Amino acid sequence: MESGRFVLASVALGAIAVWASENLFWIVPPPGWTLIDWLETWAAYALASACALSLVGYAGVGGATAAFLGGTVMGFLVEGGIVTTLYDQFPLQVIWPPVGWHGLISGAVVLGLGRAGGSLGPWRMAAIWTGLGLFGGIWAQYWPVERPILPDALTLTLYLAGLGLLVPAAHVVLDRIGSVLRPPVWVHLVAPAIIALAWGVQGIVAQNPLWLVLPVLVFGLWQGMRRLGHGGKVSFGVSVPVWHHALFLAAPIITVLLANIGWALFGALPTNWPIALLTGAFAFGWLMRLLWRACQKV
């Protein structure tokens, strides 16, 4: 029973993460992109989410701290275990995007605030998702540099809003799950083993000592989480009506509108660096504050 709940929760968390960390980040699909590619990416994020869920559960952290640190763990594993961007511009890419985007945007905002609808209420949630849409629209202004051939409005809508339907659907699934107790140990070990294999093979091929940074980072985060938490089950918070979760769709719709308007008026704008600096600095400060608190606990 708990094994099934754990797997289902990991898949749902992966759906939220793949939209926030891939669709929203890249804004438009790469050339030759297919739905199969996206499903494979979802599987990768589900594996990384399963690892993060295990650490959050064993540590017993909750709330915004769990969403942020869990997202950061996921970011390290994706960027340094499944792909190799963590090592490209070391040490800058230790902070951004793993902490500044995966931890802050994917974890704390899209997941964390999405789970806080019971306490925030629909009007505040609508304002939050409107804000995320504005953020996405500004972020999108840089991407004509990366994607010189831009999709039409319909393709962009299907990519961001169509696939974005899985985000409220995943939140509904997490509502139904409610909480996850610890499944058998072997269940926790499956996802880390797969990611460790991918990390090890890529490390052997690269023969780069920087590959050893990943287990150090994850272990350090785990130690901080363990000191900040109290053990126990992972709770996904209070359930809300489905239409509350559906308010999330304001974010991709606004992003699509602003992206198309901005591309038509300005072409490409260098919005990537200011956003990277702001989100990276804020997330790094939050992470250091949490780790400082953890160090003060014996």
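## A walk from Leu132 through the helix packing

Let's start at Leu132, which touches Trp19, Leu24, Val109, Val110, Phe248, Ala251 and Thr255 once residues up to four places away in sequence are set aside. Keep in mind as you look around that this is a predicted model.

Leu132 is a good way into the interior. The largest nonpolar core has 89 residues, and Leu132 is listed among those with the most contacts inside it, together with Ile27, Phe68, Phe76, Leu174, Phe236 and Phe248. Helix H1, covering residues 2–26, gives the most to this core, contributing 12 residues.

Now for the helices themselves. Two packed helices are described by the angle between their axes and the distance between the axes. Take H7 (residues 122–140) and H13 (residues 250–266): their axes come within 7 Å and cross at roughly 30°. An angle under 35 degrees counts as roughly parallel, so that is how H7 runs relative to H13. The crossing of H7 past H13 is right-handed. On the H7 side, the contact is made by Trp129, Thr130, Leu132, Gly133, Leu134, Gly136, Gly137 and Ala140, while H13 brings Ala250, Ala251, Ile254, Thr255, Leu258, Ala259 and Trp263. So our starting residue turns up again here, with Leu132 on the H7 side. Sorted by class, the residues of this contact of H7 with H13 come out as 10 nonpolar, five polar and no charged.

Next, swing over to H2 (residues 35–59) and H3 (residues 63–82). Here the axes come within 8 Å and cross at roughly 135°, and H2 and H3 are therefore oblique to each other. H2 also passes H3 in a right-handed crossing. From H2, the residues making the contact are Ala44, Tyr45, Ala48, Ser49, Cys51, Ala52, Leu55 and Val56; facing them from H3 are Ala66, Gly70, Val73, Met74, Leu77, Val78 and Ile82. The class count for H2 with H3 is 13 nonpolar, two polar and no charged residues.

Neither of those two contacts has a charged residue, but a charged side chain is worth a look elsewhere. Asp175 sits in helix H9, residues 166–177. Is Asp175 buried or exposed? Its relative accessible area is 7%, and because anything under 20% counts as buried, Asp175 is buried. What is Asp175 in contact with, leaving aside its neighbours within four places in sequence? The partners are Arg115, Val238, Ser239, Val240 and His245.

Definitions and conventions
Residues are numbered from 1 along each chain as its sequence is written. This is a predicted model: local features need pLDDT of at least 70, side-chain atom pairs count only at pLDDT 80 or more; totals for chains, interfaces and linings use all residues. Side-chain values use heavy atoms; hydrogens and water are left out. A nonpolar core is a set of buried Ala, Val, Leu, Ile, Met, Phe, Trp, Tyr and Cys residues joined through side-chain atoms within 4.5 Å. Buried means under 20% relative accessible area, exposed over 50%, partly exposed in between (1.4 Å probe, protein chains only). Helices (H or I, at least four residues) and strands (E, at least two) are DSSP runs, numbered from the N terminus. Contact means heavy atoms within 4.5 Å. Axes are lines fitted to C-alpha atoms, for helices over the stretch in contact, and angles run from 0 to 180 degrees between N-to-C directions. Angles under 35 degrees count as roughly parallel, over 145 as roughly antiparallel, 65 to 115 as roughly perpendicular and the rest as oblique. A crossing is left-handed if the near helix is turned anticlockwise from the far one by less than a right angle, and right-handed if clockwise. Ala, Val, Leu, Ile, Met, Phe, Trp, Tyr, Cys and Pro count as nonpolar, Asp, Glu, Lys and Arg as charged, and the others, Gly among them, as polar.
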